[in-house]
Amino acid sequence: ADRGDPAQSSRREGLSSQDVQLSAGSQVDSPCSNDGRENIQGCTTAIRGSMQQVLDSWWTSRACRREMEEALERLSSLESALQNLRPSVPDEKSSLEELREELQVGKTKSVALSRRWLVETFIEANPESAVHSRRSSVSEAVSARTVSSQKLADEDASLSVEAMLTNADTEAAHLFERIGMLDFDAAACAQLPGMKGHLLQGLFKAAVKQQSLLEKVEKQGNLAHSEADFNKALFAFLGKVEEMYSPLLPYHTAIHAADVMMTMEWFLRAPVLAEQVSDLDHVMVLISCAIHDVGHPGRNNLFHTKTMSPLAVTYNDKSVLENMHVASAFQVMVKDARYNWLSQLRSNFLPDGAQKSVNLQQYVRRGVIDIVLGTDMTKHNQHQKALNNRLTARDNPSQTEAVGEALELLEAVVHAADISNPCKPQAMMLYWTQRVVDEFWAQGDEEMRLNIEVSPMCSRAAGENSIPKQQLGFIDFVIAPYYTPLAQLLPEVEEATKNMADNRSFWAAKEEEQVHYSDLFKENAAVLT
């Protein structure tokens, strides 16, 4: 049946269809050959012409123009690399070496096992070495260009965010005016043009710029280098962290991290707290909020411990996700110096009036670790006791507060920001409620597939008809006992407790109506389920 098909008959002989084409007289031009270079040069010339037409068009946006210009530079690098390639006369090869090259370039997909065994057994050289020479110059050019392109991308992102901050007529500028307020809408900000992939960068930069925090940190002698170097590394770090958040999860995304960061900014502007927090502490806390859920897989600690997941085994069932979050963030800095803002801090800082210097790198690392680990929900009662103890001792404060006590307070307040959804205006509260229950139910669905006990709050069947009841319980037993002493310590938090009371009334009315999930979230009932 395959007598007239050379490709079919060749398979019996261990040859690929590509070998048949070559034997039939077709020719595949190498980039090193004259014909190959001319073909590629013709393609690049056509591409350059098309890109130039876009650049010359009146409708091309500034952001698009920058991307086109960068692409043209990459094209120039590729053209230069190709020009440096010269045809070479290959050395005489043994049949085994020829077989190895065929394997490397994918010519012999159907190679008999015996032929592959011959190659792998009797040729010691690295299988990649034969093709290394023809790829090396292009690879080096591309590698160098990749690093350069990342630097340009970081700079472009910084300029883009800066433009949004300085242009008072944009929608972004109007949203940014709410930074430092409880009703700041991080979700709305995430929908702005130009904010995709730059949400954490943009909000952090806007928050610290309003108070000149980075300039103050430099003036106080906290930095080993310039404020510009620190800012550059930190800005790039936040962009990298945002990439590590999954956009596919309903709840634990970069938007949640941004929301917690901006809620914490509201807390930090309360005068009582601001008096106890240095400018460096302020920056440290915002960074901690930005990274506190980085790399979240959409399953909680209980799921990981029940399934003995690799993360649970790695961290011995103790604050599994929180340990992973903070470790992942520091690994980013260790692996690439461009993101290492921590190394920009002084390692021998001498505070005014002190006789012993402080290693700020160690101080900030410890602070970030403790704050992120403190977001473990099992630490809730510990934080609540700390708030109550602080309230009891408020009338007799110590003259000099220990660093541990100050950090303990910051941990408790960051936890408050992390669970603040019921204390937001109703529309924002509903936005987050839908997303958190959707993520819980996705976990419950997987637990059912794995035939293990469904975790609390994770049953879709039970939850769809009981969201109001669950939210009332969450407010009464978790949020209210926590935010009540916090509001006594920080009077500004009364705004949050008022929202909480309003939201409780809303849920009580919905409980009487026995409202179903689909009725609560009519506009988004099909989203993320």
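Which residues have the most contacts inside the largest nonpolar core? In this predicted model, they are Leu203, Phe237, Met264, Phe267, Trp341 and Tyr483, and the core has 110 residues. Helix H13 gives the most to this core, with 11 residues. In soluble globular proteins, nonpolar side chains tend to be buried together. Over the protein as a whole, 44% of the 529 residues count as buried. The secondary structure consists of 26 helices and 0 strands. Among contacts with a separation of 6 or more, 71% are between residues 24 or more positions apart.

Two packed helices are described by the angle between their axes and the distance between the axes. For helix H10 (residues 199-210) and helix H13 (residues 254-268), the angle is about 10 degrees and the axes are 9 Å apart. Angles under 35 degrees count as roughly parallel, and H10 is therefore roughly parallel to H13. On the H10 side, the contact is made by Leu199, Leu200, Leu203, Phe204 and Ala207. These residues meet Ala254, Ile255, Ala257, Ala258, Met261, Met262 and Glu265 in H13. By class, the residues of this contact comprise 11 nonpolar, no polar and 1 charged. Leu203 of this contact is also one of the residues with the most contacts inside the largest nonpolar core.

Met264, another of the residues with the most contacts in that core, has partners elsewhere in the sequence. When residues up to four places away are not counted, Met264 touches Val285, Cys289, Leu410, Val413, Val414 and Ala417.

Helix H18 (residues 320-335) was examined for its length and its surroundings. Its 16 residues should span 22 Å at 1.5 Å a residue, and because the end C-alpha atoms are 22 Å apart, the two values agree. The buried residues of H18 are Val320, Leu321, Glu322, Met324, His325, Val326, Ser328, Ala329, Phe330, Val332 and Met333. Glu322 and His325 are thus among the buried residues of this helix. The cover over the buried residues of H18 includes helix H12 (227-244), helix H15 (279-291), helix H16 (301-307), helix H17 (310-314) and helix H19 (360-373).

The loop between H18 and H19 contains Gln344. Gln344 counts as buried because its relative accessibility is 14%, and the cut-off for burial is under 20%. Apart from neighbours within four places in sequence, Gln344 is in contact with Asn222, Leu223, Ala224, His225, Asp229 and Phe230.

Definitions and conventions: Residues numbered from 1 in each chain as written. Predicted model: local features only at pLDDT ≥ 70, side-chain atom pairs only at ≥ 80, totals over all residues. Heavy atoms only, no water. Axes fitted to C-alpha atoms, helices over the stretch in contact; angles between N-to-C directions. Helix = DSSP H or I, 4+ residues; strand = E, 2+ residues; numbered from the N terminus. Parallel < 35°, antiparallel > 145°, perpendicular 65-115°, else oblique. Contact = heavy atoms within 4.5 Å. Nonpolar A, V, L, I, M, F, W, Y, C, P; charged D, E, K, R; others polar. Core = buried A, V, L, I, M, F, W, Y, C linked by side-chain atoms within 4.5 Å. Buried < 20%, exposed > 50% of the residue type's maximum accessible area, 1.4 Å probe, protein only. Expected span 1.5 Å × (residues − 1).
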